[in-house]
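Subject: Handing over a structure

Hello,

I am passing a structure on to you, with some notes to help you find your way around. Please have a look at it first and then read on.

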Amino acid sequence: MMLLRLPGVYRAEGDTEMVTDLMCRGGFAHGRDVLDVGTGSGALALAAARAGAATVTAVDLSLRSVVATWLNSRLHGLPVSVRQGDMFTPVTGRRFDLVVANPPYVPAETDVLPRHRKARCWDGGSDGRAVLDRVCAEVTGVLAPRGDVLIVHSGLCDADLTVAALQTSGLDARVLARCTVPFGPVMHGRAVMLETRGLIRPGQRTEELVVVGARNRGIRNWDTRNGDTRNWDTRNWDARNGDGRGHG
Ligand SMILES: C[S@@+](CC[C@H](N)C(=O)[O-])C[C@H]1O[C@@H](n2cnc3c(N)ncnc32)[C@H](O)[C@@H]1O
């Protein structure tokens, strides 16, 4: 989908594409109330609307992202309610059947999160988990019974920690998809720092992207939603996205 992107707004990348594809192929959005938290240019929100979501709400801290998403929803004639604010604050009191998130997750020099523009799109504190951990801890506050969560991030942030954090929040969670991609410009720029800190091997210039899925407890068979287990087959993911677009 062609999207307008204002300066300083995240351009939809391989991570966006990966979670979008899983959301659409898995039938997660159809007929459901969907929240896209950290919407950027609105790529996930618009894909959910196009996939037949009952309602779509998009939230971002950045005013430019909110404007870009609003413009893109009008441009494509897809209904998305856009809110500016921190994480789940703008939707306090509401419940969603699906929450999707592509949070900032690139490990940075410090734990201080940037306040401005592009860096806010990808800096996730020193371990990359500052925003990610908040999503895991706070998402149940807006999740409907039987609601699902889809979160994409780098394997450098440790997918097992995400699964554990979501389980601590009371959800059934697991890694649904993985694919290995070459570093984009942002990761290349941090490669030496990441090597020094032992987050990547010397000379490593690829990262694994992961999609972690979580579901409110009470669903007996996680694998057979829509009766089609192929929707959940993570093996297919390894062969795709070979162009390896990542952050930046
Ligand atoms: C990696 S971008 C993802 C954009 C889009 N969802 C996509 O997949 O292309 C992360 C987005 O999260 C937003 N963001 C960062 N911290 C946030 C917070 N505390 N609350 C809401 N949005 C936040 C950033 O402004 C940025 O637009």
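What percentage of the 248 residues in the protein chain is buried? Buried residues account for 47% of them. Please keep in mind as you read that this is a predicted model.

**The chain as a whole**

The protein chain holds 7 helices and 7 strands. If you start at the N terminus and walk along, the elements come in the order α-β-α-β-α-β-β-α-α-β-α-β-α-β. I also looked at contacts in the protein chain between residues at least 6 apart in sequence, and 73% of these join residues at least 24 apart.

**Two helices in contact**

A good place to begin is the pair formed by helix H1 (residues 14–25) and helix H2 (residues 43–50), whose axes come within 10 Å and cross at roughly 20 degrees. Angles under 35 degrees count as roughly parallel, so H1 is roughly parallel to H2. The crossing of these two helices, H1 and H2, is right-handed. On the H1 side, the contact is made by Thr16, Val19, Thr20, Met23 and Cys24, while H2 brings in Ala43, Leu44, Ala47 and Ala48. Sorted by class, the residues of this contact of H1 with H2 are 7 nonpolar and 2 polar, with no charged ones.

**Around the ligand**

You will also see a ligand, and 23 residues surround it. The closest are Tyr10, Thr16, Gly38, Gly40 and Asn102; Thr16 is also one of the H1 residues in the contact with H2. Which elements give two or more residues to the shell around the ligand? They are H2, strand E2 (55–60) and helix H4 (119–122). H4 provides the largest share of that shell, with 3 residues. By class, the shell around the ligand divides into 13 nonpolar, 7 polar and 3 charged residues.

**A look at one histidine**

Finally, please find histidine 188, which sits in helix H7 (residues 185–196). Is histidine 188 buried or exposed? The answer lies in between: histidine 188 has 14 other C-beta atoms within 10 Å and is therefore partly exposed, since a residue counts as buried at 20 or more and as exposed at 12 or fewer. Histidine 188 and threonine 206 are 18 residues apart in sequence, and their C-alpha atoms are 9.3 Å apart in space.

Enjoy exploring it, and do write back with any questions.

Best wishes

Notes: Residues numbered from 1 in each chain as written. Predicted model: local features only at pLDDT ≥ 70, side-chain atom pairs only at ≥ 80, totals over all residues. Axes fitted to C-alpha atoms, helices over the stretch in contact; angles between N-to-C directions. Helix = DSSP H or I, 4+ residues; strand = E, 2+ residues; numbered from the N terminus. Parallel < 35°, antiparallel > 145°, perpendicular 65-115°, else oblique. Left-handed = near helix turned anticlockwise from the far one by under 90°. Contact = placed C-beta atoms within 7 Å. Nonpolar A, V, L, I, M, F, W, Y, C, P; charged D, E, K, R; others polar. Near = placed C-beta within 6 Å.
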